[in-house]
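Student: I would like to go through this model in short questions and answers. Please give the cut-offs as the terms come up.

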Amino acid sequence: MDPNNKNKNIRTTPQYAMYQRHNFWKSNTGENPLFNTDPGKLEDQAKAKLTQNGWYYASSNAGQSHTHTANRQAFYRHRIIPRMLVDTEQRDTKTTIFGHEVNAPIGFAPVGINKIYHPQGELPVASAAGGLGLPYCLSTAGSQPIEDVAKSNEDGAAKSKDGAGSAVRFFQLYMPHDDELTRSLLQRAVDSGYTACGLTLDTWQLGWRHDDVATSNYAFYHGIGADLGLSDPVFQKRLREAGIDPKKQPNEAGAMWIDNVWHGRAHTWEKARWAMGLWKELSGGKPFYLKGIQSVDDAKKCVEYGFDGLVVSNHAGRQADGAIASLDALEKIVAAVGDKTYVMYDSGVRSASDVFKALALGAQFVWVGRLWIWGLSIMGETGVDHAIRSLCAELDILMNVGGFQSIEQIKKDGKKNLDSGEKTYQLMNIPSKL
């Protein structure tokens, strides 16, 4: 790609497509690209770097992985229809989310226990997100204090390579069964500059993941990854009340923390509304959304009860095995409430074409998880940046060769940009003997 092309004169975001040229040129200076970002090869490289338990936790899905498989099949069924002779030199990847203008419709999905992927946990991830100018969402199951992650996000934005960094960060709530603890966590997030909160609905208990169960693979029960909780003043009080010394009894302390978060107690719509009210009270009315919506009826309730948005997600197939593909749920939910609330997408995204398809089917923003986990596992912050910068470059190039000048064009024309002719499947009657 010619670095003097006219696109650079109209862009408000980095020319991500130039990252292709950057890597093509490297061998001329005796260098190699950092690592292959083909999703399958990326996974292989991460697997070689991680411990067995690190790999199991990152890669395991619920049950027989049927939901995970359904996610990938749904993407495969849809095809992009490229448009020719469009002036894509007039091209930009910018979009907005909850009032923030960001460089691409791609965010860092909340993922817990990052210390099993890298010694610094969430810090390099938040820093990379800040440097890229993309939204970062911290999980309640994070393995670094809320405040430290916020600072890393700010530092990453400040040291951005291309001057395009920005520190946009949200907090993902796994709601404890202890209301005082919930208040403390949300207050810390507000005080640390997190500007939206998403309540995850499908994980008050972990799904059954065979590899993890078979290897007792639960880091919190082995003294790893509870730092976000251990740094909380209310939880510290709970530890003292229980007579647990976190330094001498790290396993017991970690177990007590995560048993407050993935506690097995089902939430209700009333409790979700309570959490929204609490966040609004503490934050001065900042956005509160629900993550894990798959049912049209639930999406309608989300609108009825006044939530600021929703994420169509099946937790990437890690919670309910045999569930509907997230992309199929997206189509139905957008048809029902897409003009009434801010609809986001999560689950199974492995490429720029996946991002494009989710946008075309009505998502206004797309969250990505495992791709940056693999980058983190391979090469820390540099690996995270390479994996997600490559994804942004792939999207920029796809828009260029496919005839799309803006993210809004993809969303505006929606299904006109896709061929779903292969979508002729139906639920079949299966003999009971099977």
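Tutor: Start with the record: UniProt, in an unreviewed entry, places the feature "domain: FMN hydroxy acid dehydrogenase" at residues 31-420. UniProt positions follow the numbering used here, feature names are shortened, and annotations may be inferred rather than shown by experiment. The model is predicted: local features need pLDDT of at least 70, side-chain atom pairs count only at pLDDT 80 or more, and totals for chains, interfaces and linings use all residues. Residues are numbered from 1 along each chain as its sequence is written, and side-chain values use heavy atoms, with hydrogens and water left out.

Student: What are the helix and strand percentages of residues 31-420?
Tutor: Helices (H or I, at least four residues) and strands (E, at least two) are DSSP runs, numbered from the N terminus. The C-alpha atoms at the two ends of residues 31-420 lie 42 Å apart. The span is 47% helix and 12% strand.

Student: Which residue does the UniProt annotation "active site" cover?
Tutor: The annotation comes from an unreviewed entry. The residue in question sits in the loop between β9 (309-312) and α15. The record's "active site" covers His315.

Student: Is histidine 315 buried or exposed?
Tutor: Buried means under 20% relative accessible area, exposed over 50%, and partly exposed in between (1.4 Å probe, protein chains only). The relative accessible area of histidine 315 is 13%, so the residue counts as buried.

Student: With which side chain does the side chain of histidine 315 make a polar contact?
Tutor: Contact means heavy atoms within 4.5 Å. Not counting residues up to four places away in sequence, histidine 315 touches Tyr174, Thr200, Asp202, Thr203, Lys291, Asp346 and Ser347. A polar contact is a pair of N or O atoms within 3.5 Å; within protein, one must be able to donate a hydrogen and the other to accept it, and residues adjacent in sequence count only if both atoms are side-chain atoms. At 3.1 Å, the side-chain partner of histidine 315 is aspartate 202.

Student: What is phi of serine 347, a residue other than glycine?
Tutor: Most residues other than glycine have a negative phi. Serine 347 lies in the loop between β10 (342-346) and α16 (352-360), and is buried at 2% relative accessible area. Phi of serine 347 is positive, near 115°.

Student: And what is phi of alanine 316?
Tutor: Alanine 316 is in the loop between β9 and α15. At a relative accessible area of 16%, alanine 316 is buried. Phi is again positive for alanine 316, near 60°.

Student: How do helix α5 and helix α15 pack, and at what angle?
Tutor: Axes are lines fitted to C-alpha atoms, for helices over the stretch in contact, and angles run from 0 to 180 degrees between N-to-C directions. Angles under 35 degrees count as roughly parallel, over 145 as roughly antiparallel, 65 to 115 as roughly perpendicular and the rest as oblique. For α5 (residues 66-77) and α15 (residues 326-337), the axes are 7 Å apart and the angle is about 60°. That makes the packing of α5 against α15 oblique.

Student: Into which classes do the residues of the contact of α5 with α15 divide?
Tutor: The contact involves Asn71, Ala74, Phe75 and Arg77 of α5, with Ser326, Leu327 and Asp328 of α15. Ala, Val, Leu, Ile, Met, Phe, Trp, Tyr, Cys and Pro count as nonpolar, Asp, Glu, Lys and Arg as charged, and the others, Gly among them, as polar. The division is three nonpolar, two polar and two charged.

Student: With which side chain does the side chain of aspartate 232 make a polar contact?
Tutor: Aspartate 232 is in the loop between α10 (227-230) and α11 (233-242) and is buried, at 0% relative accessibility. Beyond its neighbours within four places in sequence, aspartate 232 is in contact with Leu181, Ser184, Leu185 and Arg188. The polar contact, at 3.1 Å, is with the side chain of arginine 188.

Student: How far apart are the C-alpha atoms of leucine 181 and lysine 237?
Tutor: Leucine 181 is in helix α8 (residues 179-191) and is buried, with 0% relative accessible area. Its contacts, residues up to four places away excluded, include Asp232, Val234 and Phe235. Leucine 181 and lysine 237 are 56 residues apart along the chain, and their C-alpha atoms are separated by 10.0 Å.

Student: Is asparagine 251 buried, exposed or partly exposed?
Tutor: Asparagine 251 belongs to helix α12 (residues 250-261). At 34% relative accessibility, asparagine 251 counts as partly exposed.
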